[in-house]
Amino acid sequence: MKGRSTLIFFIFCILLFPAALFAQDIKVSGKVTDQTDGGPLPGVTVSLEGTTRATSAINLSPLTPVTVSDLNTITDPAQRLLYNNPAAVRAPNGSYYGIPGLGFQEMTNPLAYIQNNLGNYNWSHDIVGNAYVEASPIPGLKLRSTIGTKMSFYGNDAFTPVAYYSTSSSNATSTFYRAINYTLAYTQENTATYTKSFGKNNFNFLLGEGYYRDNYSRGVNTTFYNIPATDFGSASFNYKPTAADRTSDASDGTDHIVNSLFSRVQYDYDEKYLFTALVRRDGSSRFGANHKFGYFPSFSAGWVPTREDFIPKNDVLNFMKIRASYGITGNDVIGDFSYVPLVASGSNYPFGSGSSQLINVGYSPATAANPDLKWEQTAQTDIGIDATFFQNLTFTADWYRKKTTGILQNPPTPAYVGYLSSAENAADMQNTGIEFEVGYHKKVGDFNLGINANASFLKNKVTKLLPGVDYIEDNTAAFQTLGNITRTAVGGAYNEFYGYKNLGIFQSQAEINAYRGPSGALLQPNAKPGDIKFANLNGDNTIDASDRTYIGNPTPKMTYGITINVGYKNFDLVAFGSGVAGNQIFQGLRRLDIPSANYQTDILNAWTPTNTNTSIPRLVANDPNGNYTKFSSVYLQSGNYFRLRTLQVGYTFPKAITDKMKMQKLRIYIMSENLFTITKYNGYDPELGVSNDAGGGGVFSVDRGAYPQARSFLIGLNVGF
Amino acid sequence: MKRNISYIIAFAAGVMLLGSCKKALDVNPQDRILVDNYYKTSADAFAGVVSVYDQFGYQTSGLYDKVAIADVASDDQLTGGGSPTDLNDLQVLSHYTLNPTIGPQLYLWTRGFTGIYRANVVLQKVPGITMDAALKTRLLAETQALRAIFYFDLVRFFKNVPLLTEPVPQTDLYNVVQAPPTDVYALIEKDLIAAIPGLPATVPAATEGGRLTKGAAQAVLGKVYLTEKKYDLAAAQFAIVNGTTPGQPNTTYGYALLPNYADLWNPTNKFNSESVLEIVHSSTSNGAWSNAGASEGNLLNIITGPRGYSTVKTGAPDYYPGYSFLVFTKAFYDFIHYDPRNMATVANLDSLQTNGIANYSPGYDNTGYFLGKYIGRQSDKTTTGQIELNFPQDIYEIRLADTYMMEAEALINSGGSGSAGSRAYILFNAVRARVGLNPIDVTMPNIMNERRLELAGEGIRYFDLIRWGTAASVLAFKGFVAGRDEILPIPQTELNNTKLVQSKEWGGTK
């Protein structure tokens with residue numbers, strides 16, 4: 001086939017392998033590689049169970065024994081009585097897992113919980129396939145049709161035995177649950193490209209059309225109660241309980257469709273002057289009839305001075321390119337059907353009694369509709385330079401400004417309107433940044449060295465909010481009794497931390513007595529030495545919600561990364577690390593509603609009359625001054641970290657040996673992921689991002705006990721035949 | 001040949017899609033129905049009204065409801081629970097340390113205004129449906145009465161609330177202002193008066209129990225008038241509910257006091273003759289911890305149960321172990337100790353434990369005296385789903401003993417006699433006679449005592465204390481501040497970006 005003007009390729013690859021047993025949950029991750037370049041394709045799903053267990057671990061009192069082998073060691077008779085419960089959880093060796101005393105609410109002994117969840121697992125298989133047809137009917141013209149699919153199958157099996165964890169946490173019936181889901185996404189793209197050159201003028205035209213559909217998903221799950229099993233191993237759906245002891249549910253996803261038309265013109269003169277213009281029209285199923293489509297043009301121009309005659313070839317500057325571009329892109333990340341008023345089920349209420357009682361299904365308008373909802377647009381201006389010096393030193397720098405208008409959000413609405421917030425093009429924002437990348441590659445004899453480093457700096461500013469809205473508070477980042485902890489306002493950064501200003505610690509009663517409002521009233525009448533002094537920003541006679549201000553930025557100012565490749569003879573080493581700097585993390589690991597919850601060891605440095613040089617307020621029951629119930633900088637910590645993500649050392653066997661073994665290649669390697677992290681942050685993991693697992697909803701850097709990333713060690717073989 | 005085929009494949013794939021752009025973006029909304037296609041049939045109208053009732057029975061995922069709030073705000077009960085901050089919203093109310101950010105107010109506010117919004121949608125959409133006229137009238141009357149009930153709770157708890165009679169358009173989200181309380185009361189009266197003729201005198205309990213009746217709306221209206229100190233009007237409404245011969249069944253509505261007080265708290269006794277209006281619960285909705293508030297089960301049943309309860313001797317009460325909230329104070333126990341209603345009202349775990357009959361783990365602020373009326377029982381736990389969240393016991397919004405005593409209160413306050421032979425006397429003593437107590441004259445102090453005993457733990461006393469003006473003195477020991485704690489603060493988040501103003505009592509200007 002090769003060598004002919006028509007080439008037909010069908011490439012279809014499916015590679016799946018299960019990996020990594022982790023803690024008590026079996027993690028199955030699928031990894032699919034692209035046959036053409038060997039790089040991973042998206043499609044790895046890793047779900048982390050156990051956030052609440054992680055939180056339990058820190059909040060449980062250290063006085064709760066991990067295990068109890070002799071009940072006589074428990075002196076409190078009321079506490080000892082708890083172990084009489086036949087469903088108290090026991091370790092394999094017969095000893096009891098310690099049962100927390102009163103005051104821990106649903107916090108349970110994490111080991112007891114793990115014991116009862118052994119075997120439960122989540123699984124997922126992703127199958128990704130791509131195929132394309134390419135045709136070249138006349139020279140320079142290329143027609144190409146691509147289809148891609150991603151099929152995900154995922155679910156979980158969980159058995160919960162009858163168990164007694166504490167006075168307020170127990171399972172009275174055993175349950176066996178299984179969920180099976182699948183999701184299909186597929187894309188189709190058709191493009192026509194035409195390449196033509198006249199002398200040094202090179203043209204490339206592209207016309208294309210695409211169709212992208214995702215979230216075509218289906219799921220079913222079922223639960224059996226009271227099956228005769230005591231653990232996951234003995235549980236089976238072949239036990240058939242009575243109909244009353246079976247429940248099931250199912251779900252359908254809502255399709256999300258985008259279709260696009262696009263065209264592009266590329267022109268260059270002798271690879272010295274480069275121009276590209278692109279325009280695309282994208283349509284989304286998430287917007288109403290008048291706003292379905294968005295038009296997104298972009299332009300770029302480049303100049304390569306090193307190809308100019310007036311810069312002679314030299315050994316210092318081998319290559320230089322200056323780039324400038326301006327382009328608009330669109331985003332439709334918002335709930336489906338936000339543009340049209342809908343009624344939804346689920347507002348149910350029972351009428352009647354006894355066996356005639358019926359739970360009636362109520363329907364009510366789901367949210368207010370926003371028929372004007374439209375594409376969020378980001379206009380980006382970028383000026384950059386690429387250069388190569390001395391053959392082996394590469395340098396790239398970029399300055400950019402991204403103006404995002406009509407950010408799609410569901411800002412909170414006042415509760416008095418009675419309906420949930422509606423989707424809005426709620427805000428405009430500007431991000432300005434600089435990015436640098438430096439690379440160095442050198443080969444000396446048997447020695448091979450490659451270093452790549454990059455850093456980017458970002459400044460974020462909100463430029464506009466909806467009319468009538470002075471600020472937006474993100475409810476998803478509310479923390480226990482502190483209420484909302486972030487606020488977004490014009491002129492500030494997105495979702496800045498918003499709380500009381502901490503003026504330090506009161507060192508004496510005299511200081512407290514001197515802290516008064518204009519009328520002479522004590523501002524903090526409940527304070528004692530060792531408590532936090534809060535700023536009275538509005539100058540009235542109380543410290544209350546109106547004294548809050550912006551106290552920290554959750555978005556890193558800088559992110560950076562470094563990759564080092566070293567090769568010596570048959571040995572190779574790869575190290576890759578990255579980090580962030582300049583953000584604050586809200587450290588919310590401790591449960592405020594459990595006064596006896598454990599503390600981290602930092603509390604040993606709390607203020608006492610003899611330990612006054614500290615920022616940690618005194619330890620006191622009920623916290624009358626609100627040291628921890630008024631959100632101030634005591635909750636914020638620097639989010640700076642550097643993490644060595646990958647370290648791999650490999651050895652490739654000499655060809656003489658592999659030839660004997662009839663192999664093309666034999667390489668052995670050892671590898672560690674997440675080997676170490678340099679940080680002052682005292683939570684589990686400073687790398688939070690935005691995730692529900694972290695607990696911050698849509699807000700960066702809110703840590704409510706996100707499950708930390710595991711450190712892993714691998715030994716591997718690469719074998720090629 | 002091969003070459004031609006590949007052209008055709010590529011070209012066909014392209015053509016197939018090029019023409020289909022706009023239409024290809026249409027997606028089936030699944031369970032969601034366009035509002036424009038809804039509110040067309042009587043079933044749609046009914047489902048709309050059900051959604052209003054849903055808010056009437058709404059409990060928060062934080063495991064409390066209106067009754068729990070009013071209970072802990074009273075002098076007779078403490079929040080209890082597992083620790084000083086367990087169900088913190090209730091703890092701060094119980095100790096009167098709440099503030100605009102922390103407390104149960106956002107739950108109450110949301111319950112009311114979501115209900116009002118849904119009612120306003122029904123009142124806007126249902127009149128246009130072509131359907132049976134009598135059914136339409138009834139559904140609209142139920143909705144209007146429910147709207148009045150939501151406003152009555154809101155205006156009592158918050159005093160300064162917006163008065164919305166139709167859905168707020170999106171363009172006016174932030175332009176809403178509060179109305180004078182007198183305007184709110186005027187709407188409540190108007191809604192109830194308009195609703196009463198359209199409501200049925202009785203409903204078949206087995207299938208429609210829990211739906212609004214004439215008597216229920218009249219009882220609410222009477223209570224509204226009583227709160228407004230319009231005693232004549234109040235007495236007139238209560239008289240219709242209580243019937244011509246108190247103590248005997250109401251011949252129109254069938255209301256009568258249950259002969260045995262304890263039977264009121266048997267969960268199978270839904271919609272009994274004493275029940276005027278109740279919040280319906282069910283053990284079959286499969287409520288789960290992922291959204292406890294969406295359960296139709298009674299959450300009071302689990303939070304009031306003693307922690308770690310276990311029976312020792314046979315014959316011990318079959319309480320389901322719970323979270324030990326809403327415990328009675330020692331003072332209240334001493335007050336009710338020798339009253340015949342003691343056994344049905346108070347679960348005396350202190351005595352059960354001392355006598356070796358049952359065991360439990362004392363919670364925070366433990367007194368040993370639990371709210372027996374609402375503790376979940378092993379015998380009525382659900383057979384499917386999460387036991388804790390699916391208890392079936394209903395909660396009385398209004399029952400006849402309450403309306404008897406409210407009529408008596410209205411009568412003597414409008415100058416009527418409370419002595420033997422008077423209607424007030426007959427009403428009041430019918431309540432006492434039911435539990436075997438001798439008749440006494442109707443005086444305000446006697447009414448205050450009797451209501452405290454008869455209605456203990458039912459979420460009524462706090463409102464009584466406010467209505468009688470005695471809250472400041474009675475609740476002082478809990479930290480109640482006169483001139484502040486008669487109402488709850490407007491939730492802080494409702495002041496964000498809006499034209500709402502905090503009440504004067506809470507440092508605002510309204």
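Hi everyone. Before anything else, one term: when I say two residues are in contact, I mean that their C-beta atoms, placed from the backbone, lie within 7 Å. With that in hand, take Ala408(B): setting aside neighbours within four places in sequence, Ala408(B) is in contact with Ala424(B), Leu427(B), Phe428(B), Val442(B) and Ile447(B). Please keep in mind throughout that this is a predicted model.

Why start with that alanine? General background helps here: in soluble globular proteins, nonpolar side chains tend to be buried together. In our model, the largest nonpolar core has 170 residues, and Ala408(B) is among those with the most contacts inside it, along with Ala145(B), Leu192(B), Ala217(B), Val220(B) and Ile303(B). The element that gives the most to this core is helix 6 of chain B, residues 133-158, with 14 residues. Another core lies apart from it, with 24 residues, including Ile485(A), Ile532(A), Leu688(A) and Phe700(A).

Let me stay with chain B for a moment. The domain assignment divides chain B into domain 1 (37-64 + 104-199 + 480-510), domain 2 (211-281 + 396-442) and domain 3 (320-395). Between the C-alpha centres of domain 1 and domain 3 of chain B, the separation is 33 Å.

Now a smaller piece, helix 18 of chain B, which spans residues 461-468. Which of its residues are buried? They are Arg461(B), Tyr462(B), Asp464(B) and Leu465(B). These four cover an arc of only 160 degrees around the axis, so they sit on the same side of helix 18 of chain B. As a reminder, an α-helix has 3.6 residues a turn, so residues three or four places apart point the same way. What do the buried residues of helix 18 of chain B pack against? Their partners are helix 3 (66-73), helix 17 (444-454) and helix 19 (471-474) of chain B. Just after helix 18 of chain B comes Gly469(B), with a positive phi of about 75 degrees.

On to chain A. Its secondary structure comes to 5 helices and 37 strands. Chain A has 721 residues, 28% of which count as buried, and its C-alpha atoms fill a box of roughly 95 × 75 × 65 Å along the principal axes. If you take the contacts in chain A between residues at least 6 apart in sequence, 66% of them join residues at least 24 apart.

For a local example in chain A, look at strand 25, residues 486-489. This strand pairs with strand 24 (residues 471-472) in the antiparallel sense over 2 bridges, and Tyr471(A) has Ala489(A) as its bridge partner. Strand 25 of chain A is also joined by 2 bridges to strand 26 (residues 496-499), again antiparallel, with Thr486(A) opposite Phe497(A). Strands 25 and 26 of chain A form a hairpin with 6 residues between them, and Gly491(A) in the turn has a positive phi of about 95 degrees.

Finally, the two chains together. How many residues of chain B are in contact with chain A? The count is 83, and they meet 83 residues of chain A. On the chain B side, the elements that each supply at least two residues include helix 1 (2-18), helix 2 (42-56) and helix 5 (105-125). By class, that side has 39 nonpolar, 31 polar and 13 charged residues. There is strand pairing across the chains too: strand 16 of chain A (residues 342-345) and strand 1 of chain B are antiparallel, over 2 bridges, and Val343(A) stands opposite Ile33(B).

That's my tour, and thanks for listening!

Note on methods. Residues are numbered from 1 along each chain as its sequence is written. Chains are lettered from A and ligands numbered from 1 in the order in which they are written. This is a predicted model: local features need pLDDT of at least 70, side-chain atom pairs count only at pLDDT 80 or more; totals for chains, interfaces and linings use all residues. Ala, Val, Leu, Ile, Met, Phe, Trp, Tyr, Cys and Pro count as nonpolar, Asp, Glu, Lys and Arg as charged, and the others, Gly among them, as polar. Two strands pair if DSSP finds at least two bridges between them. A nonpolar core is a set of buried Ala, Val, Leu, Ile, Met, Phe, Trp, Tyr and Cys residues joined through C-beta atoms within 7 Å. A residue is buried if 20 or more other C-beta atoms lie within 10 Å of its own, exposed if 12 or fewer, and partly exposed in between; C-beta atoms are placed from the backbone. Domain bounds come from an automatic or database domain assignment. The arc is that of the directions from the helix axis to the C-beta atoms.
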